[in-house]
Amino acid sequence: MPSDEATLRKAVIGAAVGNTVEWFDFAVYGFLATYIAAKFFPSQNETAALLSTFAVFAAAFFMRPLGGLFFGPLGDRIGRQRVLAVVILLMSGSTFAIGLLPSYDAIGVAAPLLLLFLRCLQGFSAGGEYGGGACFLAEYAPDKRRGFIVAFLVWSVVVGFLLGSVTVTVLQAVLPAGDMNSYGWRIPFLMAGLLGGVGLYIRLRLDDTPEFEELRATGEVASSPLKEAVTTSWRPILQLAGLVVIHNVGFYIVFTYLPTYFTKTLHFTKTDAFASVTVAGATALILILPLGTLSDRMGRRPLLIAGSLAFAVFAYPLFLVLNSGSLIAAIAAHAGLAAIEAVFVSASLAAGAELFATRVRSSGYSIGYNISVALFGGTTPYIATWLVDRTGSNVAPAFYVIVAAVITFATVLTMRETAARPMPQFVAAGTGNGRPAQGRVS
């Protein structure tokens with residue numbers, strides 16, 4: 001591991017800034033959902049149009065496993081840094097193109113089809129971002145600070161989401177409604193081109209991780225990392241998939257679904273929704289890094305257990321508070337959900353990276369994470385909207401959160417504590433448990 005702080009700082013900045021750009025690109029779609037619904041899915045039924053918009057949002061997540069299957073093994077073959085540069089280029093380019101798309105009124109059904117295609121490109125790119133970034137930071141971090149260092153990745157995701165929210169809200173405040181509907185909604189997507197260029201420049205200046213460079217120098221880079229990951233690390237792949245169920249459901253409830261829920265279900269203003277998501281984001285930003293440090297000291301499992309149990313116990317009461325009719329109470333409930341999410345995600349990314357050996361870490365992480373996020377993450381806004389519409393109960397999304405939390409809690413109980421320990425570099429062939437071969441740890 002690198003001993004100098006300057007090298008570590010450069011790695012953290014490179015991964016975090018690029019990740020912020022990636023998730024700004026990905027998030028603005030959710031914040032602009034109502035505008036996109038009107039432009040690409042015209043319908044007399046506003047709920048149907050919004051469901052169509054969230055369905056396209058979810059479609060991107062179904063592409064993430066394909067992106068993970070492509071970029072994960074690629075990261076194990078050519079290195080983490082090169083993959084991180086490619087994915088930010090692809091994400092920013094596809095986001096920029098959404099900003100240029102003609103609407104349904106201009107080109108008919110081709111408009112939503114092109115939107116779907118570009119969202120799928122975004123999802124394909126995102127399939128390589130989170131796994132690549134988590135592995136990159138985990139392999140740079142000292143063993144006793146890995147939780148804190150890797151927590152910067154999810155911290156930067158919240159920054160990206162907040163930047164997206166701020167950008168959209170400022171545009172709504174300064175532009176007349178007619179201008180926002182006609183062209184203003186395109187501006188955040190077009191900003192992706194400039195931001196992507198900045199992120200790409202930073203990532204091209206990074207060196208690859210010491211662990212991967214050691215593998216390359218000794219000729220131990222896996223020739224078929226996907227096959228090796230599936231055959232030697234199938235158990236940690238399944239554990240990671242279960243681990244991040246509530247990680248993703250909680251995240252997309254807090255930062256993507258609730259801003260729309262505030263306006264469409266609770267009938268607060270867009271300004272109220274912005275205030276709430278800003279408070280929630282600030283809550284998460286304040287908590288994530290200190291909690292990452294705490295996970296280095298007391299272990300990952302205590303925080304993972306506490307976070308998943310808190311979601312299972314408090315999701316329903318907090319949704320009741322959201323629906324109390326009081327804006328202050330609703331904002332407080334939103335912040336409460338964000339705080340629980342911070343407890344869990346502060347430890348989950350590091351815990352996931354620590355499950356895998358260096359030879360297959362990018363492959364195993366990308367497969368497990370992206371399969372789970374496709375099934376449970378990107379579908380969250382759609383399922384939550386559908387539950388409210390079908391049941392007539394505004395608190396119905398809480399039950400989806402509870403189910404996700406129970407799945408994750410059961411998964412955490414199968415995991416060993418991995419904090420402050422060296423990560424394995426090789427795996428014993430055929431074990432399926434991701435444990436290091438005798439005498440072969442980094």
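## V245 and its neighbours

Let's start with V245, a residue of helix α12. This is a predicted model, and in it V245 counts as buried because its relative accessibility is 1%, while the cut-off for buried is under 20%. What does V245 touch once its neighbours within four places in sequence are left aside? The contacts are S372, F376, A404, I407 and T408.

Take a look at A405 as well. V245 and A405 are 160 residues apart along the chain, yet their C-alpha atoms are separated by 7.3 Å.

## L153, another buried residue

Now move over to L153, which you'll find in helix α7, residues 146-174. L153 is buried, with a relative accessible area of 0%. Skipping residues up to four places away in sequence, L153 touches A15, N19, Y130, G133, A134, L137 and L349.

For L153, try the distance to S308. The two are 155 residues apart in sequence, and from C-alpha to C-alpha they are 20 Å apart in space.

## The nonpolar cores

How many residues does the largest nonpolar core have? The count is 116, and the residues with the most contacts inside this core are L32, L115, F161, L243, F319, L322 and Y365. Helix α12, residues 234-264, supplies the largest share of the core, with 16 residues. As a general rule, nonpolar side chains in soluble globular proteins tend to be buried together.

F319 is a good one to click on. Not counting residues up to four places away in sequence, F319 touches I253, L258, Y261, L337, N394, V395, P397 and A398. Apart from the largest core lies another one, made of 5 residues, including F71, L74, V83 and V87.

## One face of helix α10

Helix α10 covers residues 210-217, and its buried residues are E211, F212 and L215. Where do these buried residues sit when you look down the axis of α10? They fall within an arc of 95 degrees, so they line one face of the helix. It helps to know that an α-helix has 3.6 residues a turn, so residues three or four places apart point the same way.

Just keep going along the chain and you reach G219, which follows α10 and has a positive phi, near 70 degrees.

## Salt bridges around R361

The structure holds 13 salt bridges. One of these pairs E139 with R361, and their closest N and O atoms are 2.8 Å apart. This pair links distant parts of the chain: E139 sits in helix α6 (residues 110-140), R361 sits in helix α16 (residues 361-377), and their positions lie 222 residues apart in sequence. Are these two partners buried or exposed? E139 is buried, with a relative accessible area of 0%, and R361 counts as buried at 0% relative accessibility.

R361 has another partner in E211, with the closest N and O atoms 3.2 Å apart. E211 belongs to helix α10 and R361 to helix α16, so this salt bridge ties together parts that are 150 residues apart in sequence. E211 counts as buried too, at 4% relative accessibility.

## A link between two loops

E220 forms a salt bridge with R359, and here the closest N and O atoms are 3.6 Å apart. Where do these partners sit? E220 is in the loop between α10 and α11, while R359 is in the loop between α15 (327-353) and α16, and the two are 139 residues apart. E220 is partly exposed, with a relative accessible area of 27%, whereas R359 counts as buried at 15%.

Back to R361 for a moment. Salt bridges that share partners join D76, R80, E139, E211 and R361 into one network.

## A nonpolar patch on the surface

Finally, check out the surface. Which residues make the nonpolar patch of about 310 Å²? They are L66, L69, L226 and V230. The elements that give two or more residues to this patch are α3 (46-78) and α11 (225-232).

L69 lies in helix α3. L69 counts as partly exposed because its relative accessibility is 38%, and partly exposed covers values between the 20% limit for buried and the 50% limit for exposed.

Terms used
Residues numbered from 1 in each chain as written. Predicted model: local features only at pLDDT ≥ 70, side-chain atom pairs only at ≥ 80, totals over all residues. Heavy atoms only, no water. Patch = residues over 30% accessible without salt bridge, like charges linked within 9 Å, V, L, I, M, F, W, Y side chains within 5 Å. Areas by Shrake-Rupley, 256 points an atom, 1.4 Å probe, with all protein chains shown as cover. Salt bridge = Lys/Arg side-chain N within 4 Å of Asp/Glu carboxyl O. Helix = DSSP H or I, 4+ residues; strand = E, 2+ residues; numbered from the N terminus. Buried < 20%, exposed > 50% of the residue type's maximum accessible area, 1.4 Å probe, protein only. Core = buried A, V, L, I, M, F, W, Y, C linked by side-chain atoms within 4.5 Å. Contact = heavy atoms within 4.5 Å. Arc of directions from axis to C-beta.
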